Amino acid sequence: MDTNENQTSNSGTIARFLGRKKRSIWIIGGIAAFVVVAVIVIPTSIVLTKKKTAEIASTTISREDSTTISAEVSTVNAHFKNWVQTNNMKDSRKSHTASVSKNGKVLVVGGYIENSGYGVSSAELYDLSTATWTLTPPMNDKRCWHSASLLLNGTVLVAGGYDGEKDVSSSELYHPETEIWEKIGNMNTQRSQHTASVLSDGMVLVTGGDDAGIALNSAELYNSSTGTWTPIINMNYARKWHQATTLKNGKLLVTGGSSGSENLNTAEIYDPLSSEIYDPLTGIWYMSGDMNCARFGHQSSVLPNGTVLITGRPKG
Ligand SMILES: *[C@@H]1O[C@H](CO)[C@@H](O)[C@H](O)[C@H]1NC(C)=O
Ligand SMILES: *[C@@H]1O[C@H](CO)[C@@H](O)[C@H](O)[C@H]1NC(C)=O
Ligand SMILES: *[C@@H]1O[C@H](CO)[C@@H](O)[C@H](O)[C@H]1NC(C)=O
């Protein structure tokens, strides 16, 4: 028993001694490791941090040097993950249009003020750099439910709409350099709630819409070289509140809309290349497959891979 106790107490002493020794080895080792970390790792990380700062600084400087709009916009996007309220427009409006012009300003045109009359002629510009709105001269005509198309050379073509009493056929050009509205030839048909799409060659194709409450199947083409409107072959369906999207292959996809009495799920395609020569005036309309549901007042977007995404429709 004694021997056992002694052995136990001896081994306990040895264990305590070894434990102390282990502890002091750990402590010494720990201090040594800390010194190594302090001497090697910390300065390295300071150097790395400095290097990173320098890289960021040089990136910022080169961005400022090149002053490309896209770089500045992406910088802004990187900072704002949420929606940010900007200044109010000068005039209240709905059913207006907004076009991003080549100088980066946004041209907002026409529309109507609820409970105070349909169709306004006012127009204003949003400047992203100052986040301010300024009035630009008003259009020649009042309009809401019109179309606005950015031509390839930066001029904005505004066509048709409703002026508070009737659907109109008038059209006008906005020249961003001079802020002048130039009245041009009328369309062949009065229309509002139509579509206007810029084709690959810069022509603008207008489809359907409403004239005095009746949906239209007519379509016409604006020739940006001559500034004239020419009717093309009619669509298969009369449509208003529909959508039209220029596809990557140069054809125009028209979807849905309202015939006046029913909402449409039909879709049709305009192909300007019915013969071997590209000629929007002699193109053909052909039916595409139907959409899964009837839609009007929807949106249509071409994804980067060419697929078209259709979103929204009235409930019910
Ligand atoms: C547009 O006008 C130009 C100049 O007159 C003409 O050469 C061209 O063929 C026209 N395009 C269409 C599609 O009518
Ligand atoms: C752009 O084209 C339109 C005609 O479609 C013309 O009136 C206008 O002057 C052109 N603008 C420029 C800057 O060339
Ligand atoms: C394009 O992208 C959409 C959405 O991601 C996808 O459903 C579709 O299959 C793609 N089309 C092609 C041709 O890759």
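This passage walks through the fold of the chain, its strand pairings, its cores and the surroundings of its two ligands.

The model is a predicted one, so local features need pLDDT of at least 70 and side-chain atom pairs count only at pLDDT 80 or more, while totals for chains, interfaces and linings use all residues. Residues are numbered from 1 along each chain as its sequence is written, and chains are lettered from A and ligands numbered from 1 in the order in which they are written.

Strands dominate the tally here: the chain has 20 of them and two helices (helices are DSSP runs of H or I with at least four residues, strands are runs of E with at least two, and both are numbered from the N terminus). Of the 316 residues, 28% count as buried. Buried is taken as 20 or more other C-beta atoms within 10 Å of a residue's own, exposed as 12 or fewer, and partly exposed as anything in between, with C-beta atoms placed from the backbone. Among contacts with a separation of 6 or more, 43% come from residues 24 or more positions apart; a contact here is a pair of residues whose C-beta atoms, placed from the backbone, lie within 7 Å.

Now to the strand pairings, where two strands pair if DSSP finds at least two bridges between them. Strand β2 (residues 106-109) runs antiparallel to β3 (residues 123-127), with four bridges between them, and Val 108 sits across from Glu 124 of β3. On to β4 (residues 132-136), which is antiparallel to β3 and joined to it by five bridges; here Leu 125 has Thr 134 as its bridge partner. Four residues separate the strands in the β3 and β4 hairpin, and Ala 131 has a positive phi near 55° there.

Further along, β16 (residues 252-255) pairs with β17 (residues 267-271) through four bridges, again in the antiparallel sense, with Leu 253 opposite Ile 269. Strand β17 is in turn joined antiparallel to β18 (residues 284-287) by four bridges, and Glu 268 is partnered there by Met 287. The loop between β16 and β17 holds Glu 262. Glu 262 counts as exposed because it has 9 other C-beta atoms within 10 Å. Its C-alpha lies 9.8 Å from that of Arg 295, a residue 33 places away in sequence.

Another hairpin is made by β19 (residues 299-302) and β20 (residues 308-311), an antiparallel pair with four bridges. Gln 299 faces Thr 311 in that pair, and Gly 306 takes a positive phi near 100° in the hairpin, which has five residues between its strands.

An open, antiparallel sheet of four strands follows the order β9-β10-β13-β14. Strands β9 (195-198) and β14 are at its edges with a single partner strand each, so one side of each has no neighbour in the sheet. From one strand to the next, the twist averages 25° (axes are lines fitted to C-alpha atoms, for helices over the stretch in contact, and angles run from 0 to 180 degrees between N-to-C directions). Inside this sheet, β10 and β13 are antiparallel and share four bridges, with Val 206 opposite Glu 220.

What about the interior? The largest nonpolar core has 30 residues, and Val 109, Val 158, Leu 205 and Val 206 make the most contacts inside it. Such a core is a set of buried Ala, Val, Leu, Ile, Met, Phe, Trp, Tyr and Cys residues joined through C-beta atoms within 7 Å. At least two of its residues come from each of β2, β6 (156-159), β10 (204-207), β13 (219-223), β14 (228-232), β16 and β17. Strand β6 gives the most, with four. Beyond its neighbours within four places in sequence, Leu 205 contacts Ser 197, Leu 199, Ala 219, Leu 221, Leu 252, Tyr 270 and Pro 280. A second, separate core has five residues, among them Tyr 112, Cys 144, Trp 145 and Tyr 162.

Finally, the ligands. Around ligand 1 are Met 203, Asn 223, Ser 225, Thr 226, Pro 280 and Leu 281 (a residue is near a molecule or strand if its C-beta atom, placed from the backbone, lies within 6 Å of it). That shell has three nonpolar, three polar and no charged residues, where Ala, Val, Leu, Ile, Met, Phe, Trp, Tyr, Cys and Pro count as nonpolar, Asp, Glu, Lys and Arg as charged, and the others, Gly among them, as polar. Ligand 2 is surrounded by Leu 151, Asn 153, Gly 154, Thr 155, Leu 173, Ser 224 and Gly 227, a shell with two nonpolar, five polar and no charged residues.

Key: Contact = placed C-beta atoms within 7 Å.
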